[in-house]
2 protein chains.
Amino acid sequence: MSTPRTLHLNAFLMSTGQHEASWRLPESDPIANTKVEHYQRLARIAERGKLDSIFFADSPVLFGEVGRRPAGKLEPTVLLTAIAGATEKIGLIATASTTYNEPFNLARRFASVDWVSGGRAGWNVVTTAGPDAARNFGVDDQPAHAVRYQRAAEFIEVARKLWDSWDDDAIVADKAEGVWGDAGRIRTIDHEGKHFRVRGPLNVPRSPQGHPLIVQAGSSESGKDLAARCAEAVFTAHQTLADARAFYADLKARTAAVGRDPEGIKILPGIVPVIGATEAEALKLERELDELIKPEYAREQLAKTLRVAPEDLPLDRQLPADLPSEDEIEGAKSRYTLIVELARREQLTVRQLIGRLGGGRGHRTFAGTAEQVADAIQEWFDGGAADGFNIMPPVLPSGLETFVDQVVPVLQDRGLFRREYTASTLRGHYGLERPASRYAGIEAPQLTSIGSGF
Amino acid sequence: MSTPRTLHLNAFLMSTGQHEASWRLPESDPIANTKVEHYQRLARIAERGKLDSIFFADSPVLFGEVGRRPAGKLEPTVLLTAIAGATEKIGLIATASTTYNEPFNLARRFASVDWVSGGRAGWNVVTTAGPDAARNFGVDDQPAHAVRYQRAAEFIEVARKLWDSWDDDAIVADKAEGVWGDAGRIRTIDHEGKHFRVRGPLNVPRSPQGHPLIVQAGSSESGKDLAARCAEAVFTAHQTLADARAFYADLKARTAAVGRDPEGIKILPGIVPVIGATEAEALKLERELDELIKPEYAREQLAKTLRVAPEDLPLDRQLPADLPSEDEIEGAKSRYTLIVELARREQLTVRQLIGRLGGGRGHRTFAGTAEQVADAIQEWFDGGAADGFNIMPPVLPSGLETFVDQVVPVLQDRGLFRREYTASTLRGHYGLERPASRYAGIEAPQLTSIGSGF
């Protein structure tokens, strides 16, 4: 008899919450985005709820109008390291760009976070859309979508080779003989690819998880291909059960098609849970938040995303009919399509669309009681649409506290979620094995020529 | 009447200690290099001694023969972030390369560490010598020495502009009006230089110190020029008072020559204190450590540094007469010259030279009682050779504990060192001001076109 399938839950943490107006609530600390104590507190709440992991989105650019909502974020590997010291079990997932980093540096940093956290590090691989980020790195425009994804796949391959460059038993530490490491078990990787040439070895011993967990969140065709080949967890955004189920089946099939076990990739749609003691109370909270959105900010961003002028988007009319197709978009393709389809399907005015996006940024918003939220989660989980959820509280810390204290117990009572941690690593929480090194048992050439040691 | 001049002390932390054989002692944990608890313990010892800062050297390459001594290190900004949570006052200085990083990423990471630590971040700027590091970044050989230093100067300039891109009062957080940041006080930097084009702004609000402290350690001509223009603290290596005094006078003069206050740059030579209850005991400890060195490892490294074959360095003869001049060295120029001059001046055999380098890696080793170590420190401090010292314990944690518990009280009793912290930031410990933003008071152009915020 097999173990019953259970949910995986990640908490998506974002200053005062997902809702763009959350910072305006009386309870919110508007400068929480620079305060490590705020994030340590959130992580401890998530750990109290036995969640698998916490996660920070990221991009190397100042996003959005600075008037609109808290802008600027601490670099995620730094922030998660600070959180590691304030927690014991919960997984720590940082976003980092393959377009604007070097594989040696990033592989090393994630290996270091994995050591510092005792095996709790995860890396959400992003390719970083948009010309604004490019201009922070001496490039006038972003590389083409396909090129960014090719680079990402090779980047992950290089990182994994570097993580394998030390055997697990490479350190012999023989004090009597004066031999610290076994040079036969530490090797160069000599990677020569289209985007990278990297010699190695990494300058960090193999980390507790072997490989930090690889997470991916792009849902374009290229994004799904990359996920099928490389990802172990996927964050995704869907508004309907049918869409989520189609995505789930597609990605599991793509994963099997490249020879991987589909169980080895966990699919977590996002949900923005707006929780009230009654459904009416939840809807009231949602409405109060939406009423705090200033539409002039949001309309400008929407116009930019849709590649039209703001004046072509009157607030009380639907989107214009003649928008570009996804093929013409070089940026965040899946996000673009999701927004346009949402607006068309529900015949939303620009003002209504802005409310929906301001609340969940394209993710599914669900307002209801704790029982109803648990029902919504279970429906997708049982319905072949999810292995778990990316929980995106609209307001922090209160929305996370409510989820942990009210929704998690319902899920536990239904046998859908763990009552205690049964593992101490991020891979363990997601039910994934620690990978063996690809090089284990292969004698390495002697590395005597590396480095100058004085 | 002016305040009496007092010492600045930094602890240079390196796995089991500076001495290459320290890991072989019974007391040493040979795998301490991956253990955050080890470094947190060391930092707390240093903080108990009221030291200004701790420091990690670094290079993006696996150094040295792995058999010889603990190899591989956690990435320093990650490690220092973990230490920040275990300490309250002590400054945290991480080495990072300007040759193998992008300014936007690194400026952001140091600003993040500054936030997480409450204003205790420092950056030791290095240009990373050697072809082995280059080969981890797709480059066959290191860029020329002069080019690396030009890039470093521009890199620091870009970082400082990014750190200034938010005014200190850019966040207004007006909940009632729904205005979070003032776009007139956050600006692009639009840097266009020889090595970098960076638009900005940084995606982190201005950090507690404004600018993390800039440290520099290269002592070549290019290194001294860079330090004079940019550095606020300098780590340096000298074997004699005369050499240290000449360096001190030269660097202070260069700093004045570029229009900076020479008080604004603190010069800290390295010292490896081998401390015993008696002088004889200290010398015995030093001898025991040196006897644990395996000369075959060290000779190979020395040969590489000197650009000769290992068989040209018989262990019991002096260095060959026909070595290259510093001008021919593209790597760590000042390190090369220091080694050759040390060997020639003291007429050391290769075996003796290896002992000296294994103990202090070119830095001054001083064996004696706590009083004698304090005398050695005071002699250079009073003699115009130092503003303080970079303390490099040969064995960790014991060598740091002995220094803190025995030497520091002597220095305190002589009025040369603080008894309590009088500041809470790294700049404060070093007696340096928090810099104003270069842009403060200048109205920024509106940033409405940056980013896509959904």
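This passage describes the confidence, the chain symmetry and two helix packings of a predicted model.

The predicted model has an ipTM of 0.93 and a pTM of 0.93. For chain A the mean pLDDT is 93, with 96% of the residues of this chain at 70 or more. One stretch of chain A, residues 448-454, has pLDDT below 50. Despite this value, residues 448-454 have 35 contacts in the model beyond near neighbours in sequence.

Chains A and B were compared by superposition. A turn of 180 degrees, with a shift of 0.0 Å along the axis, lays chain A on chain B with an RMSD of 0.0 Å. The two copies are thus related as by a two-fold rotation axis. Both copies use the same surface, since 100% of the contact residues of chain A recur in chain B.

Two helix pairs were examined, one in each chain. Two packed helices are described by the angle between their axes and by the distance between those axes. In chain B, helix α1 (residues 36-48) packs with helix α2 (residues 76-84) at an angle of about 60 degrees, and the axes are 9 Å apart. Angles from 35 to under 65 degrees fall outside the parallel and perpendicular classes, and α1(B) and α2(B) are therefore oblique to each other. The crossing of α1(B) past α2(B) is right-handed. On the α1(B) side the contact is made by B:V36, B:Y39, B:Q40 and B:A43, and on the α2(B) side by B:L79, B:A82 and B:I83. By class, this contact of α1(B) with α2(B) has 6 nonpolar residues, 1 polar residue and no charged residues. The polar residue is B:Q40.

In chain A, helix α6 (residues 221-230) and helix α7 (residues 241-257) have axes that come within 8 Å and cross at roughly 50 degrees. The helices α6(A) and α7(A) are therefore also oblique to each other. The crossing of α6(A) past α7(A) is right-handed. Helix α6(A) contributes A:E221, A:K224, A:D225, A:A227 and A:A228 to the contact, while α7(A) contributes A:F247, A:D250, A:L251, A:R254 and A:T255. The contact of α6(A) with α7(A) has 4 nonpolar residues, 1 polar residue and 5 charged residues. Asp, Glu, Lys and Arg count as charged, so the charged residues of this contact include A:E221, A:K224 and A:D225 of α6(A) and A:D250 and A:R254 of α7(A). Charged residues are thus present in the contact of α6(A) with α7(A), whereas the contact of α1(B) with α2(B) has none.

Definitions and conventions:
Residues numbered from 1 in each chain as written. Chains lettered and ligands numbered in written order. Predicted model: local features only at pLDDT ≥ 70, side-chain atom pairs only at ≥ 80, totals over all residues. Heavy atoms only, no water. Axes fitted to C-alpha atoms, helices over the stretch in contact; angles between N-to-C directions. Helix = DSSP H or I, 4+ residues; strand = E, 2+ residues; numbered from the N terminus. Parallel < 35°, antiparallel > 145°, perpendicular 65-115°, else oblique. Left-handed = near helix turned anticlockwise from the far one by under 90°. Contact = heavy atoms within 4.5 Å. Least-squares fit on C-alpha atoms with pLDDT ≥ 70 in both. pLDDT = per-residue confidence, 0-100.
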